[in-house]
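Q: I should like to learn how the features of a protein model are read. May we take them one at a time?

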Amino acid sequence: MISNARSAYQVHDHQRCIDAALNRARQCCAAANARLTPIRETVLLLIWKSHKPLGAYSIVEQLPALTGKRIQPPSVYRAIEFLLELRLIHRIPSLNAFIGCPFPGSEHSDVFMVCRQCGSAAEVSADNLNQLIAETTHKAGFQLESQTVEVSGLCLACNPETPH
Ligand SMILES: [Zn+2]
Ligand SMILES: [Zn+2]
Ligand SMILES: [Zn+2]
């Protein structure tokens with residue numbers, strides 16, 4: 001099982017998350033023979049600004065502060081599409097918002113724990129869950145193409161029962 005669940009919710013040096021995400025993005029792009037253009041990189045950085053999922057509209061709104069110029073929404077959406085395709089980010093359906101993937105380039109099960117109080121989302125993955133979903137959908141004669149599992153509740157930081 002792989003997880004960024006604890007680090008996402010505890011006080012931490014988030015710049016390290018950002019640096020690591022950028023390094024992984026460069027590796028993934030090199031492996032896929034794709035280019036991390038300035039706009040793609042800036043959109044990725046913006047999404048990684050926090051562990052809270054960010055909607056497309058907010059990305060369009062917040063980009064000028066980083067780039068110093070207004071970028072047309074279609075260009076922003078294309079950058080988002082690119083990042084989704086390379087699985088550097090994921091879309092959280094219930095929020096219609098995007099979150100950086102802490103482990104791109106690896107097979108994983110896209111399970112998101114979304115905190116109903118602070119809005120953070122942390123990703124966890126379990127191999128046996130992938131297998132279970134694949135088997136169950138196959139039995140139903142369904143051709144699985146993508147999956148996202150969301151659970152809602154209280155994160156470590158928001159749960160009053162968390163020992164501090
Ligand atoms: Zn972080
Ligand atoms: Zn992921
Ligand atoms: Zn929370």
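Q: How are the donor residues of the zinc ion (ligand 2) spaced in sequence?

A: Donors are N, O and S atoms within 2.8 Å of the metal (3.2 Å for Na, K and Ca), and water is not among the atoms, so sites may look incomplete. For the zinc ion (ligand 2), the spacing of the donor residues is H-x10-C-x6-H-x14-E. The protein donors are H90 (NE2), C101 (SG), H108 (NE2), E123 (OE) and E123 (OE), at 2.0 to 2.7 Å from this ion. Distant parts of the chain are linked by the pair H108 and E123, 15 residues apart: H108 is in the loop between strand 4 and strand 5, and E123 is in strand 6 (residues 121-125). Helices (H or I, at least four residues) and strands (E, at least two) are DSSP runs, numbered from the N terminus.

Q: On what basis should these values be read?

A: This is a predicted model, in which local features need pLDDT of at least 70 and side-chain atom pairs count only at pLDDT 80 or more, while totals for chains, interfaces and linings use all residues. Residues are numbered from 1 along each chain as its sequence is written, chains are lettered from A and ligands numbered from 1 in the order in which they are written, and side-chain values use heavy atoms, with hydrogens and water left out.

Q: Are H108 and E123 buried or exposed?

A: Buried means under 20% relative accessible area, exposed over 50%, and partly exposed in between (1.4 Å probe, protein chains only). H108 and E123 are both buried. C101 counts as buried because its relative accessibility is 2%. By contrast, E107, in the loop between strand 4 and strand 5, has a relative accessible area of 72% and is therefore exposed.

Q: Which residues coordinate the zinc ion (ligand 3)?

A: C115, C118, C155 and C158 coordinate the zinc ion (ligand 3), each through SG, at 2.3 Å. Their spacing in sequence is C-x2-C-x36-C-x2-C. C115 belongs to strand 5 (residues 111-115) and C155 to the segment after strand 7 (149-153), so this pair ties together parts that are 40 residues apart in sequence. Both C115 and C155 are buried.

Q: Why is the arrangement around the zinc ion (ligand 3) called tetrahedral?

A: Four donors count as tetrahedral if all angles lie between 85 and 135 degrees. Around the zinc ion (ligand 3), the 4 donor atoms subtend angles of 105 to 114°, so the arrangement is tetrahedral.

Q: How many disulfides does a search of the whole structure find?

A: A disulfide is a pair of cysteine sulfur atoms within 2.5 Å. The search of the whole structure finds 0 disulfides.

Q: In what order do the strands of the open sheet stand?

A: Two strands pair if DSSP finds at least two bridges between them. Here 3 strands form an open sheet with antiparallel pairing, in the order 2-4-3. Strand 2 (54-55) and strand 3 (89-92) are at the edges with a single partner strand each, so one side of each has no neighbour in the sheet. Strand 3 and strand 4 (residues 97-100) run antiparallel and are joined by 4 bridges; I89 has G100 of strand 4 as its bridge partner.

Q: With which residues is T42 in contact, leaving aside its neighbours within four places in sequence?

A: Contact means heavy atoms within 4.5 Å. T42, found in helix 3, is in contact with L63, L66 and T67 when its neighbours within four places in sequence are left aside.

Terms used. Tetrahedral: all angles 85-135°; square planar, octahedral: opposite > 155°, others 65-115°.
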